[in-house]
Amino acid sequence: MIRKVNLKCASYKELTSLETDKKINLIYGLNGSGKSTFSEFLRKIDSEDERFSGCTIETDNTENRTKLSSTEQILVYNQKWVNEAFYESPTLKGIFSLSKENAEAKKKIDSANKEKNKLEVLKKNKEDDKEKSKESFEGKKAKVVDAIWKIKTEYTGGERKTDQFFYGLKSDKNALFNHVLGILKPSVSLSKSIEDIKKELAVLSDKNVTKLSVLSEVQFKVLTDDEIQILKREITGSKNSTFSTLLDKLQNSDWVNAGLKFIENQEEPAICPFCQQKINKEHFLLEMKSCFDKSYEQDKHKLQNLLENYKRKIDSVSEELAFKHNALLEELSTNYEAALEKLKSKLNKNLGLIKEKISSPSKSYYLDSVDEELKDLNEIIKEANDKINDFNAKIDQKDATLKDLRKLFWENIRLQYDVIVSNYESDKIIFDKEQEDFDTAIAKIKTEIAEQDNIISEQSKLVSNIDEAVSNINNRLVELGIDSFKIEKHDKDKAEYRLIRSGEEDDNIFESLSEGEKMIISFLYFIEECRGKENSKLTDKKKIIVIDDPISSLSHIYVFNVGSLIKMEFFGSSKTYEQIFVLTHNLYFFYELAKAPYRDIKRLKDEEQEKEHKKEFNFFRIIKTSNGSSIIPMKYSEIQNDYQMYWSVVNDKNSQPALIANCMRNIIDYFFGFIENNALTNVFQKKEFKDNIKYQAFYRYINRESHSDNVNIYDMKEFDYSNFQEAFHEVFKLADYEEHYNTMRKVGITD
């Protein structure tokens, strides 16, 4: 079944669509609005006609296609079809249908159809199971898609720098889902975390960002040999003093040297700092100082210089603030501070040893080596410089850097969502296997169905013929009162038949027929084509029927017959036809086709009438403006009601006489049946009407029994529009409803 027709061609300048879910679809449109384009596209759908390259249809199982499936067939009645079938060739294509001649073949066909039906049910069950499997998997997939969509919420929007990694992924859940699934899971540890990436992005995104200067390694010169020697040499003073021998023996020169400071600061009489006895200060100092000669003082001076130099070296080892103030080096800051503290601690320890040496020159001291501490500290500085150099290189190649960061970001995301992704991929493998198994089973069933179709096709060759089609058309012609021409076989071998007129030998008499006869014979032929098959080798297909303006050139005799034929043949509950589209410019004909299937619908409220019609029909209108043609849905209530419709026909003097007369009868029947049953009888008995000879034909027609019987429209030799209209007016005037008449005379009249 066609669910949607998309048109963009000819007068359909912009894409317009007809969407339907019904078997019966009625389409109204004025001449030139685009009805022929609609029907011709469907007629030529398998011909690859360039005119319709922008047009497609959508069916139950397929969207936007330009060809039918092998199980479908569209049959179109329009003027192009009539021309090809009747004007361009003196013979007509034969219509095949099954006959009852070969019972055995028919039995095999019935058996094959029965088996085919079983297989179709089995195929449908498999397809349903396949769909259930798909729905189950899609449910699981939807949860995964929603879970992954949280990535977008967490890393996009606001001032988030990672927003730039989501180009094309922020508005489509499935796009983000497929992107994450397409990332290969990293097999090694990643060099940067998402937090690292954010920090780099923050720096790179700064418009004022500049390159960083590399850090200098910490240098600390070691002691000279002289400095090392003076620290370990015992400095004791002169050997020529009276007390020098005693000092050497006692090994307390440092103590004596320190005590001299106390004597120098004393006033007379002086006290010995060692024994606390009164002494001769000048003599004592002279003797004591003679123990500490000039070289002793020089060594002490060297030690003092060594102390000051060492302090300056320590002070030169200052803290590098970049580790605290640069986000790039923050992670190294703690290690740097620890290494720096360790170095300074050891240097300060050595400084303490130098101070001790100055206090006790006679002792030997050895400073600890700081090579290991310097090495550790400088290795951290080197690591920082590596980061700085890497960062500077990234600034020089910002695009490549961002590309690398983007890759690292998504690899981090892939690892974070590994459990979800891995579980989904496992489910997908199971689902794909299920779908493959279903496809294999369905393909096998289709093969078996094809085998049954082959049986049907082969057996149909034995029983197919055109006799039934010929007989059906000729019988319908007789039923319609047409006996001046008929259909007969033309070539048995080619399965063709043609039109013949009694007593004439012309091979093509179609052009000599009246417009009504042409329509009737072409439409009857079309019905047989819909019933049968164009080729005896073809199997039955699902048939979609399109009828375009079948009454565009009718004589009045056939209007109701065509409507009845369409309703009887195509609108019933028969499964022969899957769907039907009828297009017409005739509003009256449109209304006749749109009538609900039971009489009492007029008693229902408008909304209830609309609901009942919606069960059976879909209504559409084709309109054409300066912007081109378009198709719009319409309601049944938008069609004129019975009473208005009849008045619109009566008010148009160009309407067919039979239609005018029949509508006059229906108007009188409707109106006076509503007012009072005897009102009409009283009018006809009045002298003004009864004695007027011009009104007699009208009177006889109105008073016929069975006002709705279509037989009444065949004999209209006495019809005179002016007389009928005058009599019609007089009825309302004599009944004192002339005001109503004057109001209704405006219905259907345009300025």
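1. Start with A10: at 63% relative accessibility this residue counts as exposed (exposed is over 50% relative accessible area, buried under 20%, partly exposed in between, with a 1.4 Å probe and protein chains only). A10 sits in the loop between β1 (2-7) and β2, where strands are DSSP runs of E of at least two residues, helices are runs of H or I of at least four, and both are numbered from the N terminus. Its phi is positive, about 50°, although A10 is not a glycine.

2. Before going on, some ground rules: this is a predicted model, local features need pLDDT of at least 70, side-chain atom pairs count only at pLDDT 80 or more, and totals for chains, interfaces and linings use all residues. Residues are numbered from 1 along each chain as its sequence is written, and side-chain values use heavy atoms, with hydrogens and water left out.

3. D736 is another one to look at. Phi there is near 65°, again positive in a residue other than glycine. D736 lies in the loop between α26 (721-734) and α27 (738-744) and is exposed, with a relative accessible area of 69%. For background, most residues other than glycine have a negative phi.

4. Now the helix pair. The axes of α12 (residues 330-359) and α13 (residues 371-396) come within 9 Å and cross at roughly 155°; axes are lines fitted to C-alpha atoms over the stretch in contact, and angles run from 0 to 180 degrees between N-to-C directions. The two helices are therefore roughly antiparallel (over 145 degrees; under 35 is roughly parallel, 65 to 115 roughly perpendicular, the rest oblique).

5. Who makes that contact (heavy atoms within 4.5 Å)? On α12 the residues include Y336, A339 and L343, and on α13 they include L377, I380 and A384. The residues of this contact divide into ten nonpolar, one polar and six charged.

6. A339 is a handy place to zoom in. This α12 residue is buried, with a relative accessible area of 10%. Leaving aside residues up to four places away in sequence, A339 touches L377 and I380. The C-alpha atoms of A339 and I380 are separated by 8.4 Å, with their positions 41 residues apart along the chain.

7. On confidence: mean pLDDT (the predictor's confidence in each residue, from 0 to 100) is 79, and 77% of residues reach 70 or more. Among the elements, α7 (residues 244-250) has the lowest mean, 51, and β2 (residues 16-19) the highest, 94. Over residues 705-714 pLDDT stays under 50. Where pLDDT is low, the predicted coordinates should not be read in detail.

Methods:
Contact means heavy atoms within 4.5 Å. Ala, Val, Leu, Ile, Met, Phe, Trp, Tyr, Cys and Pro count as nonpolar, Asp, Glu, Lys and Arg as charged, and the others, Gly among them, as polar.
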